[in-house]
Structures are given as C-alpha cells and as structure tokens.
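Please look through the structure shown here together with its sequence, and follow the paragraphs below from one part to the next.

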Amino acid sequence: MSKQDPYAALRYREFNIFLILRFALVFGWSMQFIIIEWQVYSLTKDPWSLGLIGLMEIIPAFTMALFAGHIVDQREKRNLLGICIAAFSLISLGLFLLTTPELVGDWPTNRILIGIYALVFFGGFLRSFFGPTIFSLVALIVPKKIYPNAATWNSSTWQMATVLGPAFAGFSINWIGVQWSLCIVFGLVMFALLVLTQIRKKPILNPKIGEPVFDSLKEGVKFVFKTKAILGALTLDMIAVLFGGAIALLPVFAQDILKVGSEGFGILRAAPAVGAFLTMLITAYIPISKNAGLKLLTAVFGFGVCIITFGLSSVFTISLVALFLSGVTDGVSMVIRQTILQLKTPDHMRGRVASVNSMFVGSSNELGAFESGLAAKYLGTINAVVFGGVMTIYTVLMTGVVLPSFPKLDLTKDLKAHEKEDD
C-alpha cells in the first residue's frame with residue numbers, strides 16, 4: 001500500500017462500517033439540533049432562548065467530561081458506544097413526543113420549553129461520552145501509520161453529515177413539519193445502532209485497569225498541558241468555536257436580517273460544512289503533516305476574517321460565501337487538530353485526552369451558543385458576531401507570542417515513527 005494512498009483508511013472494512021455509523025449519527029444529531037433551534041426560536045422569538053440551548057448542554061458535558069474519559073479508558077469501546085447510541089435514541093424519541101400536537105395538546109409554551117431543555121441537558125451528559133468513545137474506537141480500527149488519512153475521512157464524513165443534515169432539516173421543517181422531522185432523526189439513530197453490530201469488540205489497551213479515578217484524571221490533564229502541540233491546537237480551536245459562534249445566531253439572521261425563511265436557513269447552516277467537506281477531500285490527496293503549526297494558525301486567522309464578514313453582511317449571497325469560506329478554513333483546522341491528537345496521544349490515554357479535547361472544543365460549541373445569545377442580547381446580533389471574529393484573530397496572534405514553538409510544529413517525524421511501529 002502506497003504511503004500517499006488517499007484511500008488507505010477506506011481499504012479496511014470496519015473503518016467503512018464506522019464511517020456509515022458516524023454519518024448516520026451526525027446527520028441525525030445535526031438535524032435534531034437545527035430543528036430544536038428553529039422550534040425554540042419560533043416559540044419565543046428571543047435570541048436568549050437559543051443561548052439557553054447551549055447552556056443546558058454545556059453544563060453536563062463540561063462537568064462530566066474528565067470522568068467520562070476515565071470510564072472510556074477503562075471499558076471496551078464498541079459496547080460503550082452502543083450504550084451511548086441507545087441513550088441518544090431516547091432523547092430523539094422524547095423530542096418527537098414533545099412536538100406531537102395530539103400529546104402536548106394545550107400545554108403552555110413554558111412547559112414545552114422546559115421539556116426540550118431537559119432533554120438537551122440529558123444530551124449534554126451523553127455527549128461527554130460520545131467524543132472520547134468514538135476517538136478511541138477509530139484508533140483501534142486502523143493501523144497507526146494511516147491515522148492522518150483516517151482522520152481526514154473521519155472528519156470528511158462528519159462534515160458531509162453536517163452539510164446534508166442541516167440542509168435536509170431546513171427543507172423537512174417546511175415539507176413535513178417539526179414533529180415528523182424528529183421522527184426521521186429517531187430512525188437514523190436506530191439504524192446506527194444496528195450498523196454498530198458489524199464492528200467487532202476491541203481490546204482494552206489501558207494497563208492500569210482499576211486505577212483510582214483521581215489519579216487517572218490527573219494523569220490525563222497533566223499530559224495535555226505538558227504537550228504543547230496538543231495544548232496549542234486545542235486552545236486555538238476552543239477560542240474559534242467559542243467566539244466565532246455565528247452559527248448559533250443563524251435563526252435570527254435567517255428570519256429577521258436576511259429574511260430568507262426556513263429553506264434559506266438550511267442553506268446558510270449547511271454552507272460552512274460544504275466548505276469544510278470539500279477542503280477535507282483535498283487534504284486526502286495533499287498531506288498536511290508538514291508545517292502543521294503554521295497552517296493551523298493561518299486557517300484559524302482566516303476563519304476569524306470570514307466570521308467578521310458574515311456579521312457585517314446584509315446580502316444573502318455575501319453571507320453565504322462568507323460562511324462557505326469559514327468552513328474551508330475550519331476544515332483545514334479540524335484535520336490538523338485531529339491528526340495532532342491521534343499522533344501525539346498514547347493508546348492508553350485516548351479517552352482522557354479526548355475528554356479534555358471535548359472540554360476545550362466540544363463543550364465550547366454549546367458555550368459558544370450561550371455566549372452568542374448573551375452577546376446578542378446586550379450588544380446586538382451583528383455586533384456579537386463581529387466581536388467573535390475579532391476575538392478569534394486576537395487569539396491567533398497571542399498563540400504565536402505565548403507558544404513561539406507552535407508555528408514551527410511539524411508532524412513528519414511523528415508520522416514516520418508510527419510507520420516504523422506498525423511495520
């Protein structure tokens with residue numbers, strides 16, 4: 001197999017099964033998030049209510065993250081993922097029931113909102129386990145020497161799902177309504193659970209089974225903070241997601257500023273993912289391990305510029321292009337970050353490192369939604385988005401100052417070391 005083979009990871013059957021599973025889950029989760037955003041804003045007409053969606057998810061996701069990583073490192077990964085998917089199906093079913101007129105009847109809006117927020121809260125708890133489990137499982141499916149290629153296809157699948165999921169959600173809300181759109185989500189989750197049975201159970205590589213929780217968590221956090229490549233990558237992505245959260249305010253832009261309705265909302269929501277997906281397909285052919293640090297800094301800087309442009313635009317076409325280009329830069333950032341994590345993390349610590357990653361990045365999605373809603377309330381929607389883009393650019397500049405070695409980061413030697421290990 002050629003070292004430059006762009007399809008190296010796809011030549012492993014279980015990895016292809018994993019990608020199908022990943023696509024179904026992310027497509028369903030993306031649909032669900034968009035549908036809930038639309039429903040909540042339609043009920044309240046208040047940007048603050050969108051921020052509360054993020055807050056309800058960030059609280060359990062952040063507080064449980066490290067503990068979830070410890071459990072993932074101590075347990076068999078495939079069965080643990082199955083438990084997570086089964087629990088996800090309960091959330092989807094609950095949201096479907098909450099939007100069924102025959103069941104909720106004349107419930108007051110506040111009662112429906114409380115139910116939605118409660119299920120979102122449960123989803124945040126679940127998210128703390130999903131990320132570390134998936135990150136650890138994929139590392140057990142493919143050889144280490146093709147981790148960068150696997151990271152590219154894994155991220156590409158994620159982006160493809162986030163392209164089609166939001167776009168389909170926007171159209172399905174218009175075609176069949178919120179209720180039956182959520183029913184589709186439930187069906188996708190059950191399909192993913194069925195597909196998971198085609199992946200074999202994996203060995204537990206942690207030599208410290210039964211290690212005290214506190215010692216385990218301390219070791220994971222210490223490793224991340226002493227590994228400057230991981231720390232720099234996570235910090236950059238965290239700030240970009242936290243302050244570049246224009247996506248959380250898209251219902252406001254679609255309904256009140258650009259006035260493009262639910263279909264335009266779906267198109268806007270999908271634009272960043274389209275850009276990221278196309279970029280990731282290109283990175284399968286063009287290795288990004290060389291000068292990875294400088295490329296990551298450049299990509300995040302470009303992301304900030306795109307967010308500022310989107311915030312200042314009142315023209316649908318310009319807004320769409322700005323979001324597309326934000327996806328292009330974010331796609332580069334995502335592949336590089338995932339490659340750094342896979343190459344720099346020992347097998348027995350993947351769950352804990354992925355949990356710290358979820359605290360830095362995954363949770364900042366929800367915290368970013370909260371920050372965007374709060375900033376929009378006090379600064380105005382447009383000013384909130386522009387402020388986020390400026391903060392993203394500032395963080396890139398500060399990273400180069402605080403971590404002067406990061407722009408010089410090169411992953412070529414790490415990749416060659418893993419190739420020798422596999423051979």
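L188 sits in helix α7, in a model that is predicted. Setting aside neighbours up to four places away in sequence, L188 is in contact with A24, F27, G28 and M31. By contrast with these contacts, P346 lies 33 Å from L188, C-alpha to C-alpha, and the two are 158 residues apart in sequence.

Helix α7, which spans residues 177-196, also holds S181. With a relative accessibility of 0%, S181 counts as buried, because buried means under 20%. The side chain of S181 makes a polar contact with the side chain of S172, at 2.9 Å, and S172 is also one of the residues that S181 touches beyond four places in sequence, the others being M31, I35, I173 and I176.

The largest nonpolar core comprises 113 residues, and those that touch the most other members are F15, F18, L21 and F130. Helix α1, residues 13-44, gives the most to this core, contributing 17 residues. As for F130, its contacts outside four places in sequence are L25, W29, L81, C84, I85 and F88.

The charged side chains can be followed next, and the structure holds three salt bridges. In one of them R200 pairs with E14, the closest N and O atoms being 3.6 Å apart; since R200 lies in the loop between α7 and α8 (213-226) while E14 lies in helix α1, the pair ties together parts that are 186 residues apart in sequence. K202 also forms a salt bridge with E14, with the closest N and O atoms 2.4 Å apart, and because K202 is in the loop between α7 and α8 and E14 in helix α1, this pair ties together parts 188 residues apart in sequence. E14, R200 and K202 are thus linked in a network of salt bridges. Within this network, R200 counts as exposed at 56% relative accessibility, whereas E14 counts as buried at 8% and K202 is buried with a relative accessible area of 10%.

Another salt bridge joins the side chains of E57 and R127, at 3.0 Å from N to O. E57 belongs to helix α2 (residues 47-74) and R127 to helix α5 (residues 109-139), so the pair ties together parts that are 70 residues apart in sequence. E57 counts as buried at 4% relative accessibility, while R127 counts as partly exposed at 25%.

On the surface, finally, Y7, I282, Y285 and I286 form a nonpolar patch, with about 410 Å² of accessible area together. Of these residues, Y285 lies in the loop between α11 (261-283) and α12 (292-312).

Definitions and conventions: Residues are numbered from 1 along each chain as its sequence is written. This is a predicted model: local features need pLDDT of at least 70, side-chain atom pairs count only at pLDDT 80 or more; totals for chains, interfaces and linings use all residues. Side-chain values use heavy atoms; hydrogens and water are left out. Patches are made of residues with over 30% relative accessible area and no salt bridge: like charges are joined within 9 Å, nonpolar side chains (Val, Leu, Ile, Met, Phe, Trp, Tyr) within 5 Å. Accessible areas come from the Shrake-Rupley method with a 1.4 Å probe; for residues, only the protein chains shown count as cover. A salt bridge is a side-chain nitrogen of Lys or Arg within 4 Å of a carboxyl oxygen of Asp or Glu. Helices (H or I, at least four residues) and strands (E, at least two) are DSSP runs, numbered from the N terminus. Buried means under 20% relative accessible area, exposed over 50%, partly exposed in between (1.4 Å probe, protein chains only). A polar contact is a pair of N or O atoms within 3.5 Å; within protein, one must be able to donate a hydrogen and the other to accept it, and residues adjacent in sequence count only if both atoms are side-chain atoms. Contact means heavy atoms within 4.5 Å. A nonpolar core is a set of buried Ala, Val, Leu, Ile, Met, Phe, Trp, Tyr and Cys residues joined through side-chain atoms within 4.5 Å.
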